[in-house]
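Trainee: I have a structure open and I'm not sure how to read it. Could you walk me through it, one feature at a time?

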Amino acid sequence: MKRFAKLICALFVILMIASCAMIGANASSAYQTYTYAIGGYALHSPDAYTADSTIIDSDYMGLDVPLSKPGDLITDESGNVYIADAGNNRIVCLDRYYKVRFTIKNFVNQQGVDDGLTGPEGLFVTKDRIWVCDTGASRIVVFDREGNFIKVIEAPTSNLFGDNSLYKPVAIAVDQYNRLFIVSSTTYQGIIVMTENGEFTGFIGAQATTLSAWDIIWRRFQTDEQRAQTEQNVSTEFNNITIDADGFIYVTTSAIDENSVQSAITGKAKDGKYMPVKMLNTKGDEIMKRNGFWPPAGEVDYSTSSKDAVTGVSKIIDVAIGEEGTWSIIDEKRQRIYTYDSNGNLLFAFGDIGTMIGNLTGVEAITYQGSKLLVLDKTTNAITVFNRTEYGDILISAIEAQNNQEFDKAIYQWTEVLKRNSNFDAAYVGIGQAMYRNGEYEQSLKYFESAYDTENWSKSYQEIRRQFMSDYLLVLVLVIVAVIVGIVFFNKFITKINRRATTSGKKKTFGEELAYGFYVIVHPFDGFWDLKHEKRGSVRASIVFIAITVLAFFYQSIGQGYLLNPQGEYASIWMQLIGVLVPLMLFVVANWCLTTLFEGEGSFKDIFIACSYSLLPLPILIIPATILSNVCTNSEINIIGFISTLAFIWLGLLIFFGTQVTHDYTIGKNVITVLGTAVAMVFIIFLVMLFSTLVGKMVSLVTNIITEIRYRS
């Protein structure tokens, strides 16, 4: 009995330990890491970064006064951390272990006068200098790496900066030539560019939409007090800036209208006109690659509360450069971090609002410290340290191998990523790119298809097609010649049938009625006249043309090339039938109803036949276009679209001239009739919807009455 009791106790202890371990595992992360699929829905992934600690204790740092309203955070090549402590009018420098090295607050300026920082909001560190945006004093102050004063760079002397109120530096980046790129909170012409001696050289990267011209002019006539009162209502053009080792500038903005940003995201814009983060060269040209499923702009699923209660596009307030061309941005709305590669693919997103370790409440700045990620929280005046996980290490290793053109290693590393995260589309793209560079073009197609990457798929297919054409050039030439000869003979055959039918004087056969359709589409005036007066067409031939058109659209749906239909979507033949028959019959009915009142000579049958014969250009052009879509690349895909557009233009012209000839109208009267037909079609749709609604309500009423009678009986 005692042994049994001991056994029960031991099992109970084991269960308790296991439960605690499970609870601990589930509670180890305060957020969910994810990426986005091509459909715009989130795909969960392993954590790339986990929160290690939150540095909030000023005693731990060795500071005599806690941080207050910190505005910027940056590191150097040794891992030292620099903080713009605006509330205490100082710059704090910590070592790689977050212990204070020195602070910069007061100094003696060039004139030998005691001076000090006033609300510094931004800073940048180069190999030998610390550049500080002394925002409250409207100037840049330069120190060496030990915190010793070097010089003050006053406001630019250009006429555009005659009043210091128009120059409030809040962020700065410095390139390898000591050129200064400055973001000013009250300057709307773009990023200010100056030499290290303070010489103003111009603006770059002007935002498409900022203040109106009237607002800018009006501010010139305002007093200091008026400008101070209205400054909080003025959207700044950019809010932060950084620069990478190659001298490319990353800037962020939250001043763009949300609707414009939404349209750019949903439209998957490739340009940066309405994007909240941009990459510029030193001339100010926007050069960011946006080759991912969605352009780099933070949250994609911004209109729902599937993950959080916050809606609207992300408010991006800072950007940091990581290893191997990766970079991260922070969303002030959601307290979330989004990391991308150099091609604009979202690698991972994580973070959330809260008080657990790893959560944030007032994210202000972000920077990399080697493999660590440091995030500054202005609400708690703390630095949260995120360590990169094994998954994150493998991810960076794969990107590194790819950048170094070590393709076999890249394939191995990306495969390791997929073992841990099969939802990660960028890994499929990475493997495909490595295979492409190894010359394994056919194998790469499968991986690009897995990620719906049409651009890289097109490059691989182009190489396959080039090789095929070089191997079978003679066969291809013979096929093209055979197709041309076949078209010529078919045209002669159709012409012979139509001539024979014209001179025979006999009743037209079904074949002759079908063949006449090819004459109508190239000779609309004579063709439609004979359709009506010489009875060269028929209802049975019209039905065949409708059926052929439906089949052409169905073939287009299922037979399009990968570039036009990467997700393999298609519509059933019944949907295609409805898509052709409903608009056709709507037009016929509406036109017949209208022309009956306006002395039209065509009957319902005449209009139906004329419109049905007008459909013939659709299968004639859509079927070849669909076939060609299977052998074209991205650069040629517009040709397919042009052919399809040409088919509908041809159809529209035939219907226009067909109704004119059928009703014997002048061009002016026919234009009015066609426009009236379009209005009548809308009216008929309205009546059908109204009737359907009334019938539905009547059925519901009768059902409710029957239910009530049964209940009471």
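Mentor: Let's go from the overall picture to the core, the surface and a few single residues. Keep in mind that this is a predicted model.

Trainee: Start with the big picture, then. How many helices and strands are there in the protein chain?

Mentor: The protein chain has 19 helices and 27 strands. Next, look at how much is tucked away: of its 713 residues, 48% are buried. The chain exposes about 35,900 Å², and carbon and sulfur atoms supply 60% of that.

Trainee: And what share of the contacts joins residues at least 24 apart?

Mentor: Take the contacts between residues at least 6 apart in sequence: 54% of them join residues at least 24 apart.

Trainee: On to the inside. Which residues have the most contacts inside the largest nonpolar core?

Mentor: A nonpolar core is a set of buried nonpolar residues joined through their side chains. Here the largest one has 111 residues, and Trp414 and Phe424 have the most contacts inside it. Click on Trp414 and leave out the neighbours within four places in sequence: its contacts include Leu395, Ile399, Phe424 and Ile431, and also Gln402 and Gly430. There is a second, separate core too, with 45 residues, among them Ala84, Ala171, Ile172 and Val183.

Trainee: What about greasy residues on the outside? Which residues form the nonpolar patch on the surface?

Mentor: The patch consists of Phe468, Met469, Tyr472, Val475, Val479, Val483 and Ile487, and together they have about 650 Å² of accessible area. Helix H10 (454–471) and helix H11 (473–504) are the elements that give two or more residues to the patch. H11 gives the most, with 4 residues. Val475 is found in helix H11.

Trainee: Is Val475 buried, partly exposed or exposed, and why?

Mentor: Val475 counts as partly exposed because its relative accessibility is 46%, and that class lies between the 20% and 50% cut-offs.

Trainee: Now charges. How many salt bridges does the count come to?

Mentor: The count comes to 26. For each one, ask how far apart the partners are in sequence and how exposed each of them is. Try Arg145 and Glu77, whose side chains meet in a salt bridge at 3.0 Å, N to O. This pair links distant parts of the chain, 68 residues apart: Arg145 is in the loop between strand S12 (139–144) and strand S13 (149–153), and Glu77 in the loop between strand S4 (70–75) and strand S5 (81–85).

Trainee: Are Arg145 and Glu77 buried or exposed?

Mentor: One of each. Arg145 counts as buried at 13% relative accessibility, while Glu77 counts as exposed at 63%.

Trainee: Which other pair should I look at?

Mentor: Go to Glu323 and Arg388, which form a salt bridge at 2.8 Å, N to O. Glu323 sits in the loop between strand S21 (316–321) and strand S22 (327–331) and Arg388 in strand S27 (residues 382–388), so this pair ties together parts that are 65 residues apart in sequence. Glu323 is partly exposed at 33% relative accessibility, and Arg388 is buried at 18%.

Trainee: Where do Glu463 and Arg466 lie?

Mentor: Both lie in helix H10, 3 residues apart, which is about one turn of the helix. Their side chains meet in a salt bridge at 2.8 Å, N to O. Both count as partly exposed, Glu463 at 22% relative accessibility and Arg466 at 45%. Salt bridges can also share partners: Lys315, Glu332, Glu364 and Lys378 are joined into one network that way.

Trainee: What does the side chain of Glu513 make a polar contact with?

Mentor: With the side chain of Ser538, at 2.6 Å. Glu513 lies in helix H12 (residues 510–520) and is buried, with a relative accessible area of 7%. Beyond its neighbours within four places in sequence, Glu513 is in contact with residues including Lys508, Arg536, Arg540 and Tyr613.

Trainee: One last case. Which residues does Asp115 touch?

Mentor: Asp115, found in strand S9 (residues 114–116), touches Asn106, Phe107, Asn109 and Arg139, not counting residues up to four places away in sequence. A polar contact of 3.3 Å joins the side chains of Asp115 and Asn109.

Notes: Residues are numbered from 1 along each chain as its sequence is written. This is a predicted model: local features need pLDDT of at least 70, side-chain atom pairs count only at pLDDT 80 or more; totals for chains, interfaces and linings use all residues. Side-chain values use heavy atoms; hydrogens and water are left out. Buried means under 20% relative accessible area, exposed over 50%, partly exposed in between (1.4 Å probe, protein chains only). Contact means heavy atoms within 4.5 Å. Accessible areas come from the Shrake-Rupley method with a 1.4 Å probe; for residues, only the protein chains shown count as cover. A nonpolar core is a set of buried Ala, Val, Leu, Ile, Met, Phe, Trp, Tyr and Cys residues joined through side-chain atoms within 4.5 Å. Patches are made of residues with over 30% relative accessible area and no salt bridge: like charges are joined within 9 Å, nonpolar side chains (Val, Leu, Ile, Met, Phe, Trp, Tyr) within 5 Å. A salt bridge is a side-chain nitrogen of Lys or Arg within 4 Å of a carboxyl oxygen of Asp or Glu. A polar contact is a pair of N or O atoms within 3.5 Å; within protein, one must be able to donate a hydrogen and the other to accept it, and residues adjacent in sequence count only if both atoms are side-chain atoms.
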